[in-house]
Amino acid sequence: MSPRGKRASPDGMKASTRGQASAPTSELGALGLIGAMSKKKDALWRVVLLLAVPIWWQLPGSVAASLFPIVWIAVTQLIFIGAFEAARLRRRAWLGQYLKKTSPWNRWLRGGGVMVVWHQLVSAVLAVVLLVSLRLVGWPDMATLVVGAAACWILGRWAQARLAKHVIPDYLSAVTRRLLVAPASALLAVGLIVVSLVRPQPYLVGMELGRVMQNHIASSGQSLLSMFERSASAMELASFWAVQNALDGLGVAGWGALLGWIGVFALQSALALAFVRFVVGAAAAHDVLRRLWGCTVGDDESLSCGAGEERVK
């Protein structure tokens, strides 16, 4: 080999070393860009979700009535995704603890048509509670719901970071959502109850319940949404009528006051549960779409996606 060739060999080695070093750098840059885009998408869908709630609240009655069937179906499916995910998670844990994998009961009890129908019905009821209640709330209630949604996401991220050391990664998000529903619903219900008791209420002392309904519930059409709104308003007015008249000792016995307080708490608790289920279901649907997109694109996440699907089966 000539001296020139010998001198060129180290230069070639340096060039190859630089090429090998630049490859990881470019890969890290691409991963960082993908991570930043993923964070922006996560923030975007949360903003869209938060904007959808006050938009539905402020829609004109005629527009909301015409859109109600479509919105009802969409919200029902979002709530169903989160509820069904939690139900399947509980069922898999129960089967894994008590039944052998080779047992046919393991496949039969995994959760099929009956579980789907049941959670569809429950989700439809919660969707009605959410959509109708949102049409009747005021600014303090809406602010409480927005703060509750933000608290759900912050608490969820905090819980997910704490559970990451203990939970299998494929189940981390589902377990976090499963554990988040109860405390988030309880805290939001307390906030809504406090707001409902603090805000001004119509003076109903000494009035007959029938006259109260006639004076405070206006007929707003014969659509399905209007019927639900009148029913919800009647239940709320009846609860506050019982509470006010019992406190003044005018015509309502103690059990009536108890029922009134139960009605006030039940209405606000149902709204809190429906809203948290909606937020959790939207997060579960977002994760499902992201996994499907990863499997479709065929990136590195498709391997974990396929493993997760196999484990679910």
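Biologist: Which residues in helix 6 do E85, A86, L89 and R90 in helix 2 meet?

Modeller: This is a predicted model, in which local features need pLDDT of at least 70 and side-chain atom pairs count only at pLDDT 80 or more, while totals for chains, interfaces and linings use all residues. Residues are numbered from 1 along each chain as its sequence is written, and side-chain values use heavy atoms, with hydrogens and water left out. Helices are DSSP runs (H or I, at least four residues) numbered from the N terminus, and contact means heavy atoms within 4.5 Å. The helix 2 residues E85, A86, L89 and R90 meet A174, V175, R177 and R178.

Biologist: How many charged residues are in the contact of helix 2 with helix 6?

Modeller: Asp, Glu, Lys and Arg count as charged; Ala, Val, Leu, Ile, Met, Phe, Trp, Tyr, Cys and Pro as nonpolar; and the others, Gly among them, as polar. The contact has 4 nonpolar and no polar residues, and its charged residues number 4.

Biologist: Are helix 2 and helix 6 roughly parallel or roughly perpendicular to each other?

Modeller: The axes, lines fitted to C-alpha atoms over the stretch in contact, with angles from 0 to 180 degrees between N-to-C directions, come within 10 Å and cross at roughly 105°. Angles under 35 degrees count as roughly parallel, over 145 as roughly antiparallel, 65 to 115 as roughly perpendicular and the rest as oblique. Helix 2 and helix 6 are therefore roughly perpendicular.

Biologist: Is the pair of F68 and W72 stacked or edge-to-face?

Modeller: Rings of Phe, Tyr and Trp (its six-membered ring) pair if their centres lie within 6.5 Å; planes under 30 degrees apart count as stacked, over 60 as edge-to-face and the rest as tilted. This rule gives 5 aromatic pairs. For F68 and W72 the centres are 5.4 Å apart and the planes at 25°, so the pair is stacked.

Biologist: Which residue forms one aromatic cluster with F68 and W72?

Modeller: F68 and W72 both lie in helix 2, 4 residues apart. The cluster joins this pair with F228.

Biologist: Which helix gives the most to the largest nonpolar core?

Modeller: Such a core is a set of buried Ala, Val, Leu, Ile, Met, Phe, Trp, Tyr and Cys residues joined through side-chain atoms within 4.5 Å; buried means under 20% relative accessible area, exposed over 50%, partly exposed in between (1.4 Å probe, protein chains only). The largest has 40 residues, and L130, F275 and F278 have the most contacts inside it. With 10 residues, the helix that gives the most is helix 9.
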